[in-house]
Amino acid sequence: MRVLRTLFLLMSVASCPFVMSGKAAKTAKSHVDEVSMMIGTDGSHETEYGGTTPAVGSPFAMTQWCAATRLNGISRTMYRRCDSVLIGFMGTHQPAIWMGDYGFMTLMPQSGELKIKATDRQVRLDHGKEVATPYYYKVSYASGKHGASEITTEMTATSRASFFHITYPKGEKSLLYLEAGRENEGGFIRIYPDKREVHIYNKERHDAHLGPALPGFKGYYVLKFSEDFAGYGTWRDGAVSGKSVQAEGGSVGGYVEFPAGTTWVDVRIGSSFIDFEQAAVNLSKEIPARSSFASVTKKVKKEWEEKLSKIDLEGASEEDRTIFYTAFFRTLQYPREFSEYGRYYSPFDDKVHQGVSYNAYSLWDTFRAEHPWLQIMAPERVDDMVTALVQMYEEGGWIPKWPNPTYTNIMIGTHADAVIADAYINGFRDYDVEKAYEAIRKDAYVPPTDDSLHRWGGQRMVERRI
């Protein structure tokens, strides 16, 4: 009964334009190719539209990679289907439209001349030239003088790394724009021409005003290129410094120029919350130097297919199957992995620890159906997900309500209690059970600081004590 109820909930909440006809349909497609990445990416309101993105990554990926049609923020994801422009491609950690991003970066293949501001670098986005799947994204767009040439960008991504294959037009200067920091805390970029590498970190957290300060927080990226650099430089607040190899600040980034005649470039990118060294380790483990773009794409597709093939529908129409497998795919994105091969950065005490971790628990939205569903569809991850919640209690003093990536002081109730208790009742106990009970009991008996006030989006509202 729980399975049926969960399936009904998943299918009913999918924001989709399809009508369920009830007619049986046979398909030769793999289940992952029945996913529609564009369901839920649009809506009638300028803010809080849709809520999903066509982001690429493996199941429960730590860092996702997505085309950007606008600058993202709280109540604004980086992609909206009805937008007609493209401003780049992002490494993102934004889990939902009503939450912000953190530790992100942006790149944009360009030809001709370097353009920095989003309004200057934007190009026309032809949705007919997009290919979007959970494991692969491709788009072609006009670039260069008068838009006479075309660039094609393809990307795939694992949990902590990504792979870009960029095809440039002949006869144009081939460039790659890089953004390390957008505003406020900003970021840092260091270019290593001799190594064909760029290192970037970003310190920004859109939700920083909702929780504690994290002086040590950074999202790290190591970019490794297949081709030599013919030129390079940095920019800060829109001012370009050619041949500069390092910059830091609020609005900061850089660029790389490739030799004349370059028609394609591969870029492999490792991400981390620990440091640059760990980002390089993550890249070497998930997308080694010997990897081809095709082999990585195939590997990530296989990971999704193994998950989605756990359920096969009989007697379902093509529309039914699209709705179901799209919703199924979305349930396997969060909570996201937050540990990096035996270590993890904790945004609850701002330190690096040994062990496993997850993040992005939208608990008041997910405790009823998502977490019971994961006990069935991804049971191998449940103990570690509960372990992560218990660690958050140990490192920060409370089980969070909506970590992004630390406390955000929003939502009501203590729904993590239900997640832990349900896992325990159903036999998942490979975590510190005594510490988990201690955390739940504290939720029940110890009122939090300023308990009479509830913070939502930075505004305080009085709530009734029950």
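**Note on side-chain pairing and strand order in a predicted model**

1. Phe 89 and Tyr 137 are both buried. The model is a predicted one, and these two rings form an edge-to-face aromatic pair, with 6.5 Å between the centres and 65° between the planes. Phe 89 belongs to strand E3 (residues 88–92) and Tyr 137 to strand E7, so the pair ties together parts 48 residues apart in sequence. Both rings also take part in one aromatic cluster, formed by Trp 65, Phe 89, Tyr 137, Phe 164 and Tyr 221. In total, the structure holds 26 aromatic pairs.

2. A further aromatic pair concerns the helices. Trp 304 and Phe 329 are arranged edge-to-face, at 4.8 Å centre to centre and with 65° between the planes. This pair links distant parts of the chain, since Trp 304 is in helix H4 and Phe 329 in helix H5 (residues 318–331), 25 residues apart. Trp 304 counts as buried, at 1% relative accessibility. Phe 329 is likewise buried, with a relative accessible area of 1%.

3. Tyr 192 deserves a separate remark. The charged end of Arg 190 sits over the ring of Tyr 192, at 4.6 Å from the ring centre. The charged end of Lys 195 also sits over the ring of Tyr 192, and its distance from the centre is 4.6 Å.

4. Strand E7, which contains Tyr 137, spans residues 137–143 and is mostly covered, five of its seven residues being buried. Strands E6 and E7 run antiparallel and are joined by three bridges. A hairpin of four residues connects E6 to E7, and Val 131 stands opposite Lys 138 in E7. Strand E7 is also joined to E8 by seven bridges, and these two strands run antiparallel. Ser 143 has Ser 149 in E8 as its bridge partner.

5. The structure holds 16 salt bridges. In one of them the side chains of Glu 150 and Lys 129 meet, with 2.7 Å from N to O. The pair links distant parts of the chain, 21 residues apart: Glu 150 is in strand E8 (residues 149–157), while Lys 129 is in the loop between strand E5 (123–124) and strand E6 (130–132). Both partners are partly exposed: Glu 150 has a relative accessibility of 38%, and Lys 129 one of 37%.

6. Another salt bridge joins Lys 307 and Glu 380, whose closest N and O atoms are 2.5 Å apart. Here too the pair links distant parts of the chain, with Lys 307 in helix H4 (residues 293–308) and Glu 380 in helix H8 (residues 379–396), 73 residues apart. Lys 307 is buried, with a relative accessible area of 12%, whereas Glu 380 is partly exposed, at 47%. Helix H4 therefore contributes Lys 307 to this salt bridge and, as noted under point 2, Trp 304 to an aromatic pair.

7. The salt bridge between Arg 321 and Asp 312 has its closest N and O atoms 3.5 Å apart. Its partners fall into opposite classes of accessibility: Arg 321 is buried, with a relative accessible area of 5%, and Asp 312 is exposed, with 53%. Elsewhere, Arg 160, Glu 286, Glu 337 and Arg 381 are joined into one network by salt bridges that share partners.

8. Which side chain of opposite charge is nearest to Asp 443? This residue, located in helix H10 (residues 433–445), is buried yet has no salt bridge, and the nearest side chain of opposite charge is that of Lys 442, 7.5 Å away. That distance lies outside the limit that applies here, because a salt bridge requires a side-chain nitrogen of Lys or Arg within 4 Å of a carboxyl oxygen of Asp or Glu. With neighbours within four places in sequence left aside, Asp 443 is in contact with Trp 398, Ile 399, Thr 414 and Asp 417.

Definitions and conventions: Residues numbered from 1 in each chain as written. Predicted model: local features only at pLDDT ≥ 70, side-chain atom pairs only at ≥ 80, totals over all residues. Heavy atoms only, no water. Buried < 20%, exposed > 50% of the residue type's maximum accessible area, 1.4 Å probe, protein only. Pairing = 2+ DSSP bridges. Lys, Arg positive; Asp, Glu negative; His and termini not counted. Contact = heavy atoms within 4.5 Å. Phe/Tyr/Trp six-rings, centres within 6.5 Å; stacked < 30°, edge-to-face > 60°. Lys NZ or Arg CZ within 6 Å of the ring centre and 35° of its normal.
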